[in-house]
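Here's a quick tour of one chain, starting with some strand pairing and ending where two domains meet. Have the viewer open as you read.

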Amino acid sequence: MENNTLFPPIEPYNEFYLEVSSTHQVFVMESGNPNGKPVIIVHGGPGGGSSPITRQLFNPDVYRMIQFDQRGCGKSLPFLSLEENTTQYLVSDMEKIREKLGIEKWVVFGGSWGTTLSLHYAIQYPERVLGLILRGIFLGRQEDTDWLYQKGASDFFPDQFAPYLNHIPVEEQDNLVTAYYKRLTSEDASIRLEAARQWARWEGGIITLLPRETIGEESDEDMLAIAIMECHYFYHHCFVEDDNYILNHANTLKEIPIKIVHGRYDVDCRPSGAYDLKQKLPHAELVFSTAAGHAQMEPTTVKELMRFAREFE
């Protein structure tokens, strides 16, 4: 009988900083079985930081779970640094973590932006990937950014979109990411913080199937990290010249077992992105979880993620 109850909370058995450049130190955690099957857990955002509850999707007796805070967020240093902070650097950091820990191959688990980064990593280092577990596909295309931050998701949540939109003067509203980037990189801390609040509350409020109130839920530091890092990456087109990079290089992944779950009613990252990826990877398993939005902890999404984890044991 399948058990879809989360595993009990677990604390890391090892924590350390890895110097990945002259500028950045990445915070890394290991949990579970030190001799178990390695899985690297790639958080979303960008800027989301590692989440303890994600560890509860994996059997701690079976898995050696590796988590890291991407550059500029979580406990990584320096906090909010945009210097040397690109998709390519983050992929390189993952590989440096693998080498540091002496792991030959690992399962790569990512959600949301974490799917983007996981796919970039797997395309560059397919020989290091035992399998991919992906939740809430985000392909990093301009259309995906426009959908969330300009027009698209706004049609489903116009009331929650209004404060985010109206924070920007009318004459700048034709390019909201650019307008927010200007404010989120302002030298005035109060301008940065207020822009971060509007950005983070807009996205944070639409990730679950049932809309939720996020005011007071996250600290100023959390909102700054998610807003500044997301805007930095999306303003720069995820630092990839080919807008369709992932789909155009998907053939590289044809030998890798791939499991994908995407909320059927995900307004944050459209289900069509997951479907597009599946068309390029016929061998991948794609499940649209019922009665689910974008969030990792939607019950039907959790059920599939735990099944995927069991299948890779």
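Two strands count as paired here if DSSP finds at least two bridges between them. Keep in mind that this is a predicted model. With that in hand, look at strand 5 (residues 106-111), which has a parallel partner in strand 3 and another in strand 6. Here are the two pairings:

| Pair | Sense | Bridges | Example partners |
|---|---|---|---|
| Strand 3 (residues 37-42) and strand 5 | parallel | 4 bridges | Ile 41 and Phe 109 |
| Strand 5 and strand 6 (residues 129-135) | parallel | 6 bridges | Trp 106 and Val 129 |

To get from strand 5 to strand 6, the chain goes by way of helix 2 (residues 113-124), making a right-handed β-α-β crossover. Is strand 5 mostly covered or mostly open? It's mostly covered: 6 of its 6 residues are buried.

Now zoom out to the domains. The domain assignment splits the chain into domain 1 (14-140 + 241-312) and domain 2 (143-239). Their C-alpha centres sit 23 Å apart, and the contact draws on 31 residues from domain 1 and 26 residues from domain 2.

How much area do domain 1 and domain 2 bury between them? About 2500 Å², with 64% of it on carbon and sulfur atoms. On the domain 1 side, Val 267, Asp 268 and Arg 270 supply 26% of the area buried against domain 2, more than any other three residues.

There's some charge pairing too: 2 salt bridges are counted between domain 1 and domain 2. Arg 270 also has a side-chain salt bridge with Asp 144, at 2.8 Å from N to O.

Technical notes. Residues are numbered from 1 along each chain as its sequence is written. This is a predicted model: local features need pLDDT of at least 70, side-chain atom pairs count only at pLDDT 80 or more; totals for chains, interfaces and linings use all residues. Side-chain values use heavy atoms; hydrogens and water are left out. Buried means under 20% relative accessible area, exposed over 50%, partly exposed in between (1.4 Å probe, protein chains only). Helices (H or I, at least four residues) and strands (E, at least two) are DSSP runs, numbered from the N terminus. A crossover is right-handed if, with the strands pointing away from the viewer, the path from the first strand over the helix to the second runs clockwise. Domain bounds come from an automatic or database domain assignment. Contact means heavy atoms within 4.5 Å. Buried area is the accessible area (1.4 Å probe) that two parts lose on being put together, summed over both. A salt bridge is a side-chain nitrogen of Lys or Arg within 4 Å of a carboxyl oxygen of Asp or Glu.
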